[in-house]
Amino acid sequence: MHALIIDSFQHTPSIHTVPDPTSPQDGVVIEVKATGLCRSDWHGWMGHDSDIRLPHVPGHEFAGVIREVGKGVSNWKIGDRVTVPFVCACGTCQTCQSGNQQICDDQFQPGFTHWGSFAEYVAVHRAETNLVRLPDSVSFEAAASLGCRFATSFRGIVAQGKVSGGQWVAVHGCGGVGLSAIMIAAALGATVIAVDISEEKLALAKAAGASFLINGKTSEDIPSTIIELTKGGAHVSVDALGSKITCYNSIASLRKRGKHIQIGLMAGNESNPPIPMHLVIAKELEILGSHGMQAHAYPEMMQLILEGKIAPEKLIGRRISLKQAVESLIAMDTFQENGMVMIDRF
């Protein structure tokens, strides 16, 4: 199969022909029909993820068709259309038994712990616990966009933030994560404020459902602007980028007893942001993380897609080939892309 290979961190990857994967006893081999290019993949290429062993194939947001089934798998067959969460759980640890497979103690993550989906085929372990069946009306591209950014935002907004109609939600950063959070919060009836430094991204945020737009380049004090606009602060604020500035601004934008949701990955030089703990105490704020979503929680999100209340495919900006992904991966940290980048040709 053709695959994008990282041989050395921070050096240009290349496309190689490598052996096809074989199905694990408890897993399947999936022919990749679409896979998203995510900033987490860039972090992996940079060497920020200690799970990665070189040479490596990145890619963790994907959907496709089962082409091989392990002997220990009984509920899936060749030809099934599927996707998977980016955190594949063991299904047996204490955390999984509590229903929180998204933070499994023994995670399998294609694209990080194992070779991922920037290839024609990818092997997935623990199929019975982790595969998600795709309705025929949901495209592979839409399903692939769910795998990390959209599903993580969905859980962050719905399960962690418990957003409801009439609330104010601020979203800091309007890349794939941010646009997903905006679309989901707006669909739930919240009034959404989008914050970014790019007018192009703010235009996409408006199209996704944001009611108010703030350009960080022209706003002298983003938290104060949000507090004034909302007459007290956001009920829920999301750092969808993962920087010291956006994390701080998100927390400082909250009203009393508000919730900060950290979805943007904090890595490298951004790993240890300053937290306005005096505000956390004085306002009794909640600081919450959102790390993926369990396979068993996907039906609620799928139902909203089928009802037309959310449309993740609308957040896809560019569709590219695997060969084009080489340069696109390297350029992820320049934030030049508007919307999600989807690899759909291998």
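# Exercises on a predicted model

Setting aside neighbours within four places in sequence, M183 touches F150, A208, I310, A311, P312, K314 and L315, where contact means heavy atoms within 4.5 Å. This is a predicted model, in which local features need pLDDT of at least 70 and side-chain atom pairs count only at pLDDT 80 or more, while totals for chains, interfaces and linings use all residues. Residues are numbered from 1 along each chain as its sequence is written, and side-chain values use heavy atoms, with hydrogens and water left out.

## Exercise 1

Task: Place M183 in the structure, and state whether M183 is buried or exposed.

Solution. Step one is the element: M183 belongs to helix α5, residues 176–187. Helices (H or I, at least four residues) and strands (E, at least two) are DSSP runs, numbered from the N terminus. Step two is the accessibility: M183 has a relative accessible area of 8% and therefore counts as buried. The classes are buried under 20% relative accessible area, exposed over 50%, and partly exposed in between, with a 1.4 Å probe and protein chains only. Step three is a distance: from C-alpha to C-alpha, M183 and R319 are 21 Å apart in space, with their positions 136 residues apart in sequence.

## Exercise 2

Task: Give the strand order of the open six-stranded sheet, and name its edge strands.

Solution. Start with the order, which is β10-β9-β8-β11-β12-β13, with parallel pairing. Two strands pair if DSSP finds at least two bridges between them. Next come the edges: β10 (212–215) and β13 (286–289) each pair on one side only. From one strand to the next, the twist averages 20 degrees.

Now take one pair. Strands β8 (residues 168–172) and β9 (residues 191–196) run parallel and share five bridges. One residue of this pairing is W168, whose bridge partner in β9 is T191.

## Exercise 3

Task: Which strands do helices α4 and α8 meet, and at what angle to β12 does each run?

Solution. Helix α4 (residues 140–160) packs on the sheet and touches β8, β11 (234–239), β12 (254–262) and β13. The direction of α4 makes about 150 degrees with that of β12. Helix α8 (residues 244–252) lies across β8, β11, β12 and β13, and also runs at about 150 degrees to β12. For these angles, axes are lines fitted to C-alpha atoms, for helices over the stretch in contact, and values run from 0 to 180 degrees between N-to-C directions.

## Exercise 4

Task: Trace the salt-bridge network of E31, K33 and R67.

Solution. A salt bridge is a side-chain nitrogen of Lys or Arg within 4 Å of a carboxyl oxygen of Asp or Glu. The whole structure holds eleven of them.

First, E31 meets K33 at 3.3 Å, N to O. E31 is buried, at 19% relative accessibility, whereas K33 is partly exposed at 28%. Second, R67 meets E31 at 2.5 Å, N to O. Because R67 lies in strand β4 and E31 in strand β3 (residues 28–37), this pair ties together parts that are 36 residues apart in sequence. R67 is partly exposed, with a relative accessible area of 37%. Put together, E31, K33 and R67 are linked in a network.

## Exercise 5

Task: Where in the chain are the two partners of the salt bridge between E337 and R318?

Solution. The side chains of E337 and R318 meet at 2.5 Å, N to O. E337 sits in the loop between α11 (325–330) and β15 (340–345), and R318 in strand β14 (residues 316–321), so that the pair links distant parts of the chain, 19 residues apart. Both solvent classes follow from the areas: E337 is partly exposed at 26%, and R318 is partly exposed at 33%.

## Exercise 6

Task: Describe the backbone at P55, Q10 and K162.

Solution. Begin with P55, which is joined to L54 by a cis peptide bond with omega about -10 degrees. P55 lies in the loop between α1 (39–46) and β4 (61–69).

Continue with Q10, a residue other than glycine with a positive phi, near 65 degrees. Q10 is in the loop between β1 (2–5) and β2 (14–17), and is partly exposed at 47%.

End with K162, where phi is also positive, near 50 degrees. K162 is in the loop between α4 and β8, and is exposed at 53%.
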